[in-house]
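This report introduces one protein structure to a reader who has not met it before. The sections below take up selected elements in turn.

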Amino acid sequence: MSTTTTDRSTTQSTPTFTVTRKHHRRLNNPCPSTPKSLPLTRGTLLYNPHSLPNQTFSIGQHFDLIWTNGSLSVSHKSDPFKSMWSTVPGQAFVSGAIVETEVEESRGSFAIIDRDVNLVCAHQVVDEMSVITESDQFPSGFSRVDEEEDKWFKFPALVVSGRIFKARKKFFDFSGVFEDNVIDRNEVSAYAKYLVLFEEKSSCQVGFEVRIGEPEFRSRPVVGRFRRFKRKLKWICRRRLEWWLELCSRSRGFVEIGGENEVGEVSKPKEINRICLTYASEVDEKFYGFGEQFSYMEFKGKRVPIFVQEQGIGRGDQPITFAANLVSHRAGGDWSTTYAPSPFYLTTKMKSVYLEGYDYSIFDLTRHDRVQIQIYGNSARGRILHGSSPSELIEHYTETIGRPPQLPEWIISGAVVGMQGGTEAVRRVWDELKIFDVPISAFWLQDWVGQRETMIGSQLWWNWEVDTTRYSGWRQLVDDLGSQRIKVMTYCNPCLAPTEEKANRRKNLFEEAKKLDILVKDRNGEAYMVPNTAFHVGMLDLTHPITPSWFKKVLEDMVNDDGVRGWMADFGEGLPVDAILYSGEDPISAHNRYPELWAQINREFVDEWKINHPDESLVFFVRAGFRDSPKWGMLFWEGDQMVSWQANDGIKSAVVGLLSSGLSGYAFNHSDIGGYCAVDVPFLKYHRSEELLLRWMELSAFTTVFRTHEGNRPTCNSQFYSNQQTLSHFARCAKIYNAWKFYRIQLIKKAAEKGLPVCRHLFIHYPEDERVHKISYQQFLVGSEILVVPVLDKGKKNVKAYFPSGENCSWIHIWSGEMYKSLGCEDLVEAPIGYPAVFVKDGSIVGRTFVENLKKLDIL
């Protein structure tokens, strides 16, 4: 994909990918439309039944690929009657396009917009299916064979080859069968050759790879003067009609494609830069996964874009989304914007597919009978998974992408107290927590680097060293906390701010990195100064070979000199897509890979430090991620939810993000207790209420880590230390969290071994229960033994709890001891503040131990 940067006022039609920066626009469209994209393409599949009769091919040792009447189907030899993946009979399963795309960028928010569609090769010819039995038989251009990655690879493999093409007339009259391999050239205006490779990657995974060659264009037959005039007139009329329609109606999110007979659709040959893979889906099939999603658990009927970015402020909740979009271009986000997407899904039919690589992609699930994946590139790789249950599919998926390590026990033993204010403020709050006997794991001090005043308030100095003025006596504070087995955690991110104005700095990391030439560059070869709220920062080029060792030294100083044992590794989602990187790689793909590289550097440092300090363990947590992030990230948090009860960006979205990420391999996740983003402007105020804070504490008592955050505007928010009631409730929830520590340790070990999350959507254990598929944020499981039904609405004192069918097991309410025996039914359960609706399985050792621990802690 070529990259061209333009000013907002500049228009260019020739590049396939342009970038428009809108960082500094002060007045914007408060209701932006969905970015236009190529609609779902549909084409005919053509083949010669004499040269391609119905037959079955072996893929490795464990899989079969069946070709029947113009359809492909992959199955596992252990279950030959169940299709893992199949194409739509008679329909093209590979198509391609040439599309000109614009990326609008504003402070970590991105809109990828398809503008001109120059060519769509929607129809497909299958010419040949070739069995590959030796490595040297692989077609040129296919990546081969990494012994470590492909240690389970087994021959034979299969290559499907042929052509995709654009027809001059629609193929409604084609049956998909033709008697020879020649199509009348007068019927084809352009075509390109393609190859599809199927190969066994492991006993439970089939890999696929698609490549499309350069398009070839064929001139039209000569037509008479009258016919040329008629065609031109028709074209002008259609353009005029489209212009009027554009004025009179809002786009539905699809870019217009020229008709089959349009004149001059391609001015010169270009590469295919869009691959569409189309295959079958069942009407009642439901789709889960796609990384950390905040608005929906299930995605049938939606188009899901996979691109790392800021989640947005409001994400559709009003009026905050309207206001955020008004003051900053697309800052409000929408239902699909997320820090940590993943090109992966699993379905209720026990089917699962994921893409490899880092290209931007869209999963189109809008049709009842098919799936179409659009990949922005001319090649694609992925895998088809075999499994008989959701837990088995997650295990097989994470076996490849990687799983997190076991967390050290100290981080899950009590509350992680997030606060700011300096040494004396920390000591004062610590004294108050002692009075309430709060179990504490760590103090997380985000402002350890000091703060400065900007036009939007107090903000951190992005220069990763302790501010000895704000935190005078830092080492003594660290030692005093350590004597009580309490760790100190801090904050950093991959960006650096100029610090000339900071009087007490000892280092200037921005200047160091600039001198080493390890900052991301702009198109002029200068350090790319990325706007961030009220100041600009340089961003580390994580593809530069010097960067990892340099930043590890920054972390080493933080850990060894400052006594830190954990940190928030923030950001990672904002790499500009017009940046110039040391590696020279496509910045769109690099953008999605950047958060993985960021986590990898942190993780490598943790592992290397552990070698020389075997009796101690470090922890870091991240928010941005992509497919392979579970391999590198130790712990995740969900980013910046609003301090609200709303669904798309409040407490409810924190539950959806927790569960959707768990289905996608993110086994350890949690949210800021009380949310993060408060708003305090005239006519629009989002302040954290005490009730919201208390209910969020109850929710977080059943996640992997129990951590507070003061939020972006601490004085506007209720805090755990605000009064006696908040302190008392905080202590109660921290003890509830502590009461199931024994089970948390088991689940964390299981996650490191199998990839199963600590907090689980009921789909994992009850996939056959239809009512489970309607649950999003209403309730969830901790492991398989604890059922949590949090209160997520203002003023509510009860909840509706659903007890799933599928097991002959009753559920016991931990507070009253009441037993719920009716499975597949919903009951109204009282849940006053302090007594969230929590149930354990009857006869469960975990449940019995949990209740006993609550009694020992005087909670029950």
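## Helix α12 and its surroundings

The buried residues of α12 are covered by elements that include β23 (415-419), α4 (423-435), α11 (690-700), α13 (741-754) and α14 (845-856). The model described here is predicted. Helix α12 itself spans residues 724-739, a run of 16 residues. From its first C-alpha to its last it reaches 22 Å, close to the 22 Å expected at 1.5 Å a residue.

Twelve of the 16 residues of α12 are buried, so the helix is largely enclosed by the rest of the structure. Among them are Leu727, Phe730, Ile736 and Tyr737, together with the charged-group names Arg732 and Lys735. At the start of α12, the backbone nitrogen of glutamine 725 lies within 3.0 Å of a side-chain oxygen of asparagine 723.

## The parallel sheet

Strand β23, one of the elements covering α12, also belongs to an open sheet of seven strands. The strand order is β23-β24-β27-β31-β32-β33-β34, and the pairing is parallel. Both β23 and β34 (669-670) stand at the edges with a single partner strand each, so one side of each has no neighbour in the sheet.

Strands β23 and β24 (residues 440-445) are joined in the parallel sense over five bridges. In one such pairing, methionine 419 has leucine 445 in β24 as its bridge partner. In general, strands of a sheet pair through backbone hydrogen bonds, either parallel or antiparallel.

## Nonpolar cores

The largest nonpolar core has 179 residues, and those with the most contacts inside it are Phe443, Trp464, Trp567, Phe702 and Phe850. Helix α8 (residues 587-612) gives the most to this core, contributing nine residues. A second, separate core has 53 residues, including Ala192, Phe208, Ile212 and Leu355.

Neighbours within four places in sequence aside, tryptophan 464 is in contact with Trp448, Val449, Tyr491, Cys492, Asn493, Cys495, Leu496, Leu509, Phe551 and Val554. Of these contacts, cysteine 495 is buried, with a relative accessible area of 5%.

## Cysteines and a buried loop residue

Cysteine 31 is partly exposed, with a relative accessible area of 43%. With a disulfide taken as a pair of cysteine sulfur atoms within 2.5 Å, the count comes to zero disulfides.

Threonine 87 lies in the loop between β7 (79-86) and β8 (94-106). This threonine is buried, with a relative accessible area of 2%. Beyond residues up to four places away in sequence, threonine 87 touches Gly70, Ser71, Leu72, Phe93, Thr278, Tyr279 and Ala280.

Key: Residues are numbered from 1 along each chain as its sequence is written. This is a predicted model: local features need pLDDT of at least 70, side-chain atom pairs count only at pLDDT 80 or more; totals for chains, interfaces and linings use all residues. Side-chain values use heavy atoms; hydrogens and water are left out. Buried means under 20% relative accessible area, exposed over 50%, partly exposed in between (1.4 Å probe, protein chains only). Helices (H or I, at least four residues) and strands (E, at least two) are DSSP runs, numbered from the N terminus. Contact means heavy atoms within 4.5 Å. The expected span of a helix is 1.5 Å times one less than its number of residues. A polar contact is a pair of N or O atoms within 3.5 Å; within protein, one must be able to donate a hydrogen and the other to accept it, and residues adjacent in sequence count only if both atoms are side-chain atoms. A nonpolar core is a set of buried Ala, Val, Leu, Ile, Met, Phe, Trp, Tyr and Cys residues joined through side-chain atoms within 4.5 Å. Two strands pair if DSSP finds at least two bridges between them.
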